[in-house]
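Student: I would like to go through the reasoning behind some structural labels. Please start with the nonpolar core.

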Amino acid sequence: MGQKCFTLIILLSWYSGCFFQPSLAHDYAQALDLSFHYFEAQRSGPLPSNQRATWRADSGLEDGKDQGIDLVGGYYDAGDNVKFQFPMAYTITTLAWGVIEYRSQLDQLGQLQYALDAVKWGTDYFIKAHPEPNVLWAEVGDGPTDHACWMRPEDMTTPRTAYKIDASNPGSEVAAETAAAMAAASVVFKDSDPDYSSTLVTHATQLFNFADKFRANYDVSMPVVKDFYGSVSGYNDELLWAAMWLLAATSDPYYQNYVVQNAVALGGLAGTGSIQFSWDSKYSGVHVLASKILMDGTSGLNTDAFKAYQTQAESAMCSALGMSTTPMKRTSGGLFYVQDWNNLHDVTGASFLIAAYGDYLTRYSQTLTCSGQIVQPSELLALAQQQVDYILGTNPKSFSYMVGYGTSFPQFTHHRGASIVSIKTDSAFVACDAGYEEWFQNPEPNPNVLTGAVVGGPDQNDDYTDERDNVKGGESATYNSGPIVGVLARLAGSSLSSSSSGSELSESVMHTNDSASTYAQQNRQIHGESDEYDLKLDIHQELVSRWRRGKARFSKVVCTVTNRNEHAVEKLILTSDELKGPVIGLHRLRGRNNSFTLPKKLKALQAGESFNFTYVSVKAMKADISVKQALLV
């Protein structure tokens, strides 16, 4: 083909619109640690001696007694005192998935045992709640009466009625989701506690068979739950989801055949083109798990069927990136916006899927193509990080939506236990109505900090009202935190790796969560336009470390340059007046200190390929880098 040399950059634009905004560096390890504190604050039952949410005490010690069964334990779902099995099971499934994918990072960060404890606190309860193959206790506590009172869990006088599903009154959604949770958890404990893992597989198998054989909507059999966690998507997605996790837990070909043979009938291939992942909808989770099976080569004779699932996953990823005809809706501040009520629940779920999918692409040396452009796995991680950064405070209000993280976070979280004085501080009984009068309406911040809780978040205009009656945005939930644990572990683990790689450039590397810290990552796409060609090169910059030497401050930045063109690029010259310090991975042109070429061993940058270079800056902001010349061949 012909050649075209560009000598002038025509256009600089933010990648995927305006969504990748400048971001502060965050302490993901701290946020991860706080997340496990939150799970401890949501515990029901007798609390262990190593409980870190010390303002909590034992509660719900007679749950199930009236029905003649021990249902003590588990988690309260949100800011009330009811144990709803459906969202609790989703919480444990996503939490277990995060442990499976990022176990080494959790271990490296000293958080693995807390993660295992959090998962097991849920699955121990699930074992109790599943006393027979076709019986599952799916709720403890009565939603309407519980919500009519404002009481800390230690004082509860509201009815602790327990509700179950069985063969006469089945509920496929909650049975299948619990099966998924126990199957995923069995993978978590397979090596460390094989007997416990085997027990979980037995329960998961029975629950899946129950859900599949006796198909029915659980909120029809259990109408008490309909106004709280009614199933909108139905049970088809949970059946596929549970089968996927049982396949992961057992390698039994029955489950692979199940997801293949039921792909169409159960709606597995009827995606909307965007991410659907929440306590109610699991389709996107199914698509990502199926893609992993395809990539790791274990799809066997079912490759075509798993490719069909992967097509759905790819559409969802492209939508999240804003590189499709149906991009995910976002606020002007860049946050995914799915719904008005507890939107961050959808954000954390989507962020986990994006990060995991990107890591699968990296692990199996694959790429993603969106609208004809190749997307590198690092860009998916960057997107997940951007969403998490928004939650942690990189947003128009500079406000952290994780309680206890940063200097500005919710003080009036809609949460009964947190908003009433700890029973350990004041043991005086707080009655139902008195709780509303004395504590719900109390103008002072909550006396107990619900550390690590992720609240529902801002509205579609990036606005947030920190008031106790802000139920839509100010209430936290365990299923907000289940998925974010994995993403935080991934990001915190990456930070540790980056800091070690940068240590050779400094005498003392300094990592910080200072509000004055600079932007952690940035994407730019560079276009050079002509009547024949459109040059497309991405430059992605990531701040990996900062340090001092005397009074001087330095920053290390890693840049990834990706060729988005259909053809190779040769004779690339990058230019910047700000690269005064060391530049590793580029060749500085003699006599032209502001111009750089590809390293000599890299003759051309092929279509879809990337290369990295690193520079050290004495400035807080990243360098402004542009293309001076590029030859398409």
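Tutor: This is a predicted model. Its largest nonpolar core has 152 residues, and Trp97 and Ile275 touch the most other members.

Student: What is Ile275 in contact with, leaving aside its neighbours within four places in sequence?

Tutor: The partners of Ile275 are Ser284, Ala316, Met317, Ala320, Met328, Ala350, Leu353 and Ile354. Contact here means heavy atoms within 4.5 Å. A second, separate core has 24 residues, including Leu574, Val583, Leu586 and Phe611.

Student: Why is helix α11 called oblique to helix α13?

Tutor: Helix α11 (residues 253-261) packs against helix α13 (residues 303-321) at an angle of about 60°, and their axes are 10 Å apart. Angles under 35 degrees count as roughly parallel, and roughly perpendicular begins at 65. The value of about 60° falls in neither range, so α11 is oblique to α13. The crossing of α11 past α13 is left-handed.

Student: Which residues make that contact?

Tutor: Gln256, Val259 and Val260 of α11 meet Ala305, Phe306 and Tyr309 of α13.

Student: How do you know that β3 and β4 count as paired?

Tutor: Pairing needs at least two bridges. β3 and strand β4 (residues 136-140) have two bridges, in the antiparallel sense, so they pair. Phe84 has Glu139 in β4 as its bridge partner.

Student: What makes β3 and β5 edge strands?

Tutor: The open sheet has the order β3-β4-β5, with antiparallel pairing. β3 (83-84) and β5 (162-165) each have a single partner strand, so one side of each lacks a neighbour in the sheet. Helix α6 (residues 172-188) lies across β4 and β5, at about 105° to β4.

Note on methods
Residues are numbered from 1 along each chain as its sequence is written. This is a predicted model: local features need pLDDT of at least 70, side-chain atom pairs count only at pLDDT 80 or more; totals for chains, interfaces and linings use all residues. Side-chain values use heavy atoms; hydrogens and water are left out. Helices (H or I, at least four residues) and strands (E, at least two) are DSSP runs, numbered from the N terminus. Axes are lines fitted to C-alpha atoms, for helices over the stretch in contact, and angles run from 0 to 180 degrees between N-to-C directions. A nonpolar core is a set of buried Ala, Val, Leu, Ile, Met, Phe, Trp, Tyr and Cys residues joined through side-chain atoms within 4.5 Å. Buried means under 20% relative accessible area, exposed over 50%, partly exposed in between (1.4 Å probe, protein chains only). Angles under 35 degrees count as roughly parallel, over 145 as roughly antiparallel, 65 to 115 as roughly perpendicular and the rest as oblique. A crossing is left-handed if the near helix is turned anticlockwise from the far one by less than a right angle, and right-handed if clockwise.
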